[in-house]
Amino acid sequence: MARVRQLVLSWEAGLVVLTVLIVIIGQSADHDLISSFNLQTTALNNVILLCLALGVAPVIMTGDIDLSVVGTLALSGVVMGDLMSHGMATGLAIAIGLGIALVCGLINGLLVVLFDLPALAVTLGTMGAYTGISFLILGGLAITTFPNSVVSLGSSNLTGTQIPFCVVVVLVIAVIMAYLVHFTTWGKSLFAVGGSRKAALFSGIAVNRVRIITFVISGFLAGFAGLLFLGNYETAQAGMGASELLPAITAVILGGVSAYGGTGTIPGVVIAAVLLALLQSALGLHGFSGQGQTMAVGFLLIIAIGAPPLARSARDWWRRRHAGVVEIASAVTGESKGGSAGSGEAVRSTAVN
Amino acid sequence: MSTSELISDVASRPARRGRVSTLVRRSDTALIALIVLITLVATATLSDFRTLSNINNLLNTTALIAIVAIGEAVVILARQIDLSVGAILGICAYLVGSWSGHVSGPFGPVVGVLLALGLGAAFGLGNALLINVFKMPAIIATLATLSIYTGLQIIVNNGSQLYLTQVPKWLAGLRGNAWFGIGTFIWIAAIVLVVVTFILRRTRFGRDIYALGSNPDAAVYLGVKIRVRTYQIFALCGALAGLGGLLYTSQFGNVDATAGNGMNLTVIAAAVVGGVSLFGGAGTALSAVLGALLLGEIQNILELTRISIFAEQTLQGAAIVIAVAVYAVVSRRLRRPVRREAFLSEHPTIDPAAIDAIGGTTNG
């Protein structure tokens, strides 16, 4: 019973309910939302976002952040595109591009972990640096011709269906990430490090290694997102994908990963990305322009992250009002003082529930 | 601890505080020295750099960034962050530019400035409201409002652009005007710098901000009203972003829906390069101004030398990483001997060489 209750009250279940609501409302307003064509377009538009979010999620779980993913995406995408346009074998060009992405992630990890610098500042800096290097390589030019294999990875469907191939690939990555995060020692240590770095260190976890690996994975998946970008949009230019950063982080946070680290699940991130994609698609179909969709994402973030603590404090207030005796008792023992400190804690425990 | 030890501990404090203040002064002086060095080299080698119009242009752009960066620095000092300043700046640039045209006469500028500050503060209060009422971390709350304010900005603009000819004369001429040979932008930035420095150094508000940034939990137990301070901090940051919007209208002449895009990262970069710690509690308003000046100067020189306008982002990014690394290394090194000396003075019987022999574990 407790387990059922836990499942029903979980963050992911809440996201699923929200998603279903959006689908029902959206479908009743415009019947095209669940059409196979619209779903296909929506999936193609959001697959890069999901790929970035899957990489950033473990970083945020350990209490760090990686803003440089869009820089890595642009740099590896530009390098791959440039090498391919110079006639290099596709496989080799992709390998080099992904290798560069790995190195980008490793540089972030080494700077943040070994020099003990704030991740926000470092990745803010490397975001500019990586994007800048991609500018140096291509200048203001764009590459628009790619080998067929790359294009079909990005935009073709599974044979006989209307399911885009890249969506399947990213979902496979999601499954792999879910396995790594939730079923391996490294995954368990992520949450320990995110919960308390010191406690994790004292329990014998190689904190530095765990954190560096998260940055390397984040870099690698950003590079892969760059490859998908080439196939999806058939264009490589400096600064590509820059607008994907905030939506990707939004998906991670909405997915139940605490911004302070220590909580969250990969399925939650995937559901959150689907939720965001469907919301934007539904709004777009109903005639809301881009800014309306952007604002809706902002409001959704506020509601999702802000409502549970608000509901909790409202419930506490209600209980206190109807149990005056308890209030007096706690006031005498000085427990009410803990109320304000406890509310900060409530934010963290939200995602755990 | 006996009474005499307590007294000696208290007596030794001024010396330590002197050390801390020299440390702050040293990081600022190092930055000033770097700026002066770059200026001298650029003046000597680039004929385009030393022209009056270029220096004016450089200082005007820097003043605009610096004003917004000072607001961001105050937020960062309190261990918060505001990612929405760019959008606030954009909205205020458009609204102030189009609304202040309705007020003519000598009160026009006053109304315009108050409008910019007030609008910006209102948006800042929106951020603080989310943080206080919904208990959201600042980075998420302002990430959400960045989306909302950007959307609002596009709705407000409604696809149109604001041109310099549509704004009142005083606003259009603000950039070109000068008092006593110094441009108005620089005066405004200087006034903001002096006022915020005074607030940070001499008022209870300022001390509370440093307390919150150094240790929020301890600050709350000391009686710092964290909710009230959060409202004030974000209102101040928003107001300065609004003022930045006013200058933006005058600086760039036309305001469209993308005004202020990318400003968020630039002002955070300026504050960080200037030496404001992202962990809160360390840095000054002057740090933000110096950071803005250094970044502005690098950008200006790159544009003049036409090495490549594309190298700009790389260098700016590298500057942030290097600055953060240098501050971390320097502050760690400077902190070490203080602790060691304190330990040795508390235990006069211990031979300093013995500590080195066991690997200096007291150095932390």
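1. V16(A) is a good place to start: this residue is partly exposed, with a relative accessible area of 38%. V16(A) sits in helix 2 of chain A, which covers residues 11-29. V16(A) also belongs to a nonpolar patch on the surface. The other members are V17(A), V20(A), L21(A), I24(A) and I25(A). Together the six side chains' residues offer about 530 Å² of accessible area. Bear in mind throughout that this is a predicted model.

2. Next, the interface. How many residues of chain A are in contact with chain B? The count is 42 residues of chain A, in contact with 37 residues of chain B. The size of an interface is often given as the accessible area lost when the parts come together. Here chain A and chain B bury about 3400 Å² between them. Of that area, 85% is on carbon and sulfur atoms. On the chain A side, L124(A), M295(A) and I302(A) lose the most area to chain B. Those three together account for 16% of what the chain A side buries. As for salt bridges across the interface of chain A and chain B, the rule finds zero.

3. Chain B as a whole. Chain B has 14 helices and two strands. Chain B contains 364 residues, and 46% of them count as buried. The accessible surface of chain B comes to about 17200 Å². Carbon and sulfur atoms hold 66% of that surface. Now take the contacts in chain B between residues at least 6 apart in sequence. Among these, 77% join residues at least 24 apart.

4. Aromatic pairs. A search of the whole structure finds four of them over all chains. One is formed by F229(A) and Y233(A), with ring centres 4.6 Å apart. Their planes stand at 45°, so the pair is tilted. Both residues lie in helix 11 of chain A, residues 207-233. Because F229(A) and Y233(A) are four residues apart there, about one helical turn separates them. F229(A) is buried, at 10% relative accessible area, whereas Y233(A) is partly exposed, at 36%.

5. A pair in chain B. The rings of F123(B) and Y149(B) have their centres 4.8 Å apart. Their planes are at 65°, so this pair is edge-to-face. The pair links distant parts of the chain, 26 residues apart. F123(B) is in helix 4 of chain B, residues 108-133. Y149(B) is in helix 5 of chain B, residues 138-157. Are these two residues buried or exposed? Both F123(B) and Y149(B) are buried.

6. Backbone points to check. Most residues other than glycine have a negative phi. E234(A) has a positive phi of about 50°, although it is not a glycine. E234(A) is in the loop between helix 11 and strand 2 (236-237) of chain A. With 35% relative accessibility, E234(A) counts as partly exposed. R79(B) also has a positive phi, of about 60°, and is not a glycine. The place of R79(B) is the loop between helix 2 (52-77) and helix 3 (85-99) of chain B. R79(B) counts as partly exposed, at 41% relative accessibility.

7. A buried loop residue. Where does S258(A) lie? S258(A) is found in the loop between helix 12 (245-254) and helix 13 (266-285) of chain A. S258(A) is buried, with a relative accessible area of 9%. Neighbours within four places in sequence left aside, S258(A) is in contact with I60(A) and T263(A). Q162(A) is 96 residues away from S258(A) along the chain, and 35 Å separates their C-alpha atoms.

8. A buried helix residue. A272(A) lies in helix 13 of chain A. Its relative accessibility is 0%, so A272(A) counts as buried. Which residues does A272(A) contact, leaving aside its neighbours within four places in sequence? They are L15(A), A251(A), L254(A) and G255(A). A272(A) and I253(A) are 19 residues apart in sequence. In space, their C-alpha atoms are 8.6 Å apart.

Key: Residues numbered from 1 in each chain as written. Chains lettered and ligands numbered in written order. Predicted model: local features only at pLDDT ≥ 70, side-chain atom pairs only at ≥ 80, totals over all residues. Heavy atoms only, no water. Phe/Tyr/Trp six-rings, centres within 6.5 Å; stacked < 30°, edge-to-face > 60°. Buried < 20%, exposed > 50% of the residue type's maximum accessible area, 1.4 Å probe, protein only. Patch = residues over 30% accessible without salt bridge, like charges linked within 9 Å, V, L, I, M, F, W, Y side chains within 5 Å. Areas by Shrake-Rupley, 256 points an atom, 1.4 Å probe, with all protein chains shown as cover. Salt bridge = Lys/Arg side-chain N within 4 Å of Asp/Glu carboxyl O. Contact = heavy atoms within 4.5 Å. Buried area = accessible area lost by both parts, 1.4 Å probe.
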